[in-house]
Amino acid sequence: MNQRQTILIVEDEKINRKIITKVLGEEYDLLEAENGIHGFNALERYDQKISAILLDLTMPIMDGYEFLKRIGTSKWNKIPIIVMTGDANPETEKEVLDLGAWDFVPKPYNTQILKSRLVSAISKSKVDVYKQIHHMSEHDPLTGLHNRQKMFANTGKMITDYPEQEFVFLKADLDHFSLYNTTFGEEDGNDLLVHYADLIREFCDVYELHAYGRISADIFCACIPWDGDEKRLRNQVEELNRRVDAYKADYVLEISVGVCVVEKGMKVEDLYHRASFGAKKCKNRFGVHLGTYSKEEIEQEAENIAIVNDMQKALDEEQFVVYIQPKFNLLNDKVCGGEALVRWKHPVKGLISPGRFIPVFEQNGFISKVDFYVWEHTCKRIHEWVEAGYQPDPISVNVSRVSLYNPHLDKVLIELIERYDLSPELLELEITESAYMTSPGLMNGVVKKLHQAGFTILIDDFGSEYSSLNTLKNMDIDVLKIDMKFIPKEDDVEKGEIIIASMIKMAKWLGVTVICEGVETRRERDFLEGAGCDIIQGFFYAKPMPKDEYEKNYVIPWNV
Ligand code: C2E
Ligand code: MG
Ligand code: MG
């Protein structure tokens, strides 16, 4: 059902209002005002309801001219106005049209003309409003560029419409834009964005096929044809950066542009994600303005997110399991201890190795919880062995950098061994060389406290940081673990062996026990024996294994 429309008649002559009412009353709801002031009162009261205004020009209080002037700058300036006057001449007509009237009807009224002009003005105004709303729904009001929805839709359509054409998708943003806003004010910030938008427009308009728009704040995107010429694209981006930077003298403005080549069938959101990844690589790197992504990096990031999402649940559900890798004394080839190494038994992904999740946990600090979990499970198992009457060799656990920063680390560990009634010699602690190197002062303090508590300290992955052998003498440690994987293998075996031999020699001078880990071959084993290494850990003897298996093979006396 069509709703009746409301027309406002602003006319001082009662008789004229009556005539109009007679002509239009059947089809429209009519509001009457006898001058401009009353007209505005009616607008105030009925506001959105009024579809059109019929306006007389000559009235005693606020005439039609004044009414037109005022309404032109008011919120009602989109309502169509038809002016009615007996003084019909071209000058008057021009004047009122210039003031914003939509149409003109001479008095005395021709009822048919009045009706049809009214109908046409109302329908035209609706189209205009629709157009305006439509425009607003697709454009960014500040820069006039397409907004995110429209830009993405255009990109999708362009890629589908031109299947033979290759495209690149770019995401560009300004470094430290919010700082610019705070420094120069929001208005200046907006001007910069408009300038930036103009440059993006110029950047894209040289291509016959293009899609571009403002996504949000200082983020703009573009999709343009790709000819594989990376050098040219880099030059274009550098030029864009130069022009953005030139906007403000004495203030460095830099852009970060991420780029990805469009692969058939990809969603625009995914292109955006890939390009964002590239852009992130240039963030806060002076002089770097174009970044690309690699598939592996994107996958890795997604996997890291999944790891973070699952980690707490994994801990609560005891999905982390402790494996033990035995260590062997080179004097008699007999087991002399083991190292506890964590694995993640993921319900869906299966067994995940620590190399995959430990770096993620180290970054977000969760590693300290996993560390404690492993220490506790290890203590518990050693306790069971002791309780069963066996004489277990010590097991070493890894202590991450994050745990080392815990000022109560010694207390935590003491509390643990006390709870499980263990002597501290049974739980050895591995600290990586890199943690030691970054803050040797702090580490020496930590190590001192741990020594006082009776723990044995091993320096893990020695050689990975290429720290000077000289620093070794400043470390108050008991055991040095040298990882074979940090020593050159294929290219220069002899050189690698010389390095290891000198590390061992140095450690011996200092009275430090040496363990070599990552030993895979008999050749390596024999070389290490000759070089004076004390203990070996590696696949040559045994891989890390579940605790039960370790227990069966290396703890229960009649099996050892
Ligand atoms: P790491 O502490 O240096 O442990 C030695 C790593 O070398 C282990 O890898 C072990 O499986 C591997 N390995 C042993 N022998 C050989 C060999 O002959 N050849 C080769 N190619 N590799 C060998 P895994 O278990 O994957 O652990 C990797 C690293 O993850 C560990 O290096 C350690 O830094 C960390 N990690 C493992 N468990 C824990 C834990 O409970 N807490 C903390 N903070 N870190 C852990
Ligand atoms: Mg270790
Ligand atoms: Mg190691």
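This passage describes a packed pair of helices and a magnesium site in a predicted model.

The helix pair is a convenient place to begin. Two packed helices are described by the angle between their axes and the distance between the axes. Here the partners are helix 8, covering residues 186-205, and helix 9, covering residues 230-245; their axes lie 10 Å apart and meet at an angle of about 155°. Because angles over 145 degrees count as roughly antiparallel, helix 8 is roughly antiparallel to helix 9. The crossing of the two helices is right-handed. On the side of helix 8, the contact is made by His195, Tyr196, Leu199, Ile200, Glu202 and Phe203, while helix 9 contributes Gln236, Val237, Leu240, Arg243 and Val244. Sorted by character, the residues of this contact comprise seven nonpolar, two polar and two charged.

Attention now turns to the metal site. The magnesium ion (ligand 3) has three protein donors, namely Asp460 (OD), Asp461 (OD) and Glu517 (OE), at 2.0 to 2.3 Å from the ion. Along the chain, these donors follow the spacing D-D-x55-E. Asp460 also bridges to a second metal, the magnesium ion (ligand 2), and the two ions lie 3.9 Å apart. Asp460 belongs to strand 16 (residues 457-462) and Glu517 to strand 18 (residues 513-517), so this pair ties together parts of the chain that are 57 residues apart in sequence. For readers following the site in the structure above, Asp460 and Glu517 are both buried.

Key
Residues are numbered from 1 along each chain as its sequence is written. Chains are lettered from A and ligands numbered from 1 in the order in which they are written. This is a predicted model: local features need pLDDT of at least 70, side-chain atom pairs count only at pLDDT 80 or more; totals for chains, interfaces and linings use all residues. Side-chain values use heavy atoms; hydrogens and water are left out. Axes are lines fitted to C-alpha atoms, for helices over the stretch in contact, and angles run from 0 to 180 degrees between N-to-C directions. Helices (H or I, at least four residues) and strands (E, at least two) are DSSP runs, numbered from the N terminus. Angles under 35 degrees count as roughly parallel, over 145 as roughly antiparallel, 65 to 115 as roughly perpendicular and the rest as oblique. A crossing is left-handed if the near helix is turned anticlockwise from the far one by less than a right angle, and right-handed if clockwise. Contact means heavy atoms within 4.5 Å. Ala, Val, Leu, Ile, Met, Phe, Trp, Tyr, Cys and Pro count as nonpolar, Asp, Glu, Lys and Arg as charged, and the others, Gly among them, as polar. Donors are N, O and S atoms within 2.8 Å of the metal (3.2 Å for Na, K and Ca); water is not among the atoms, so sites may look incomplete. Buried means under 20% relative accessible area, exposed over 50%, partly exposed in between (1.4 Å probe, protein chains only).
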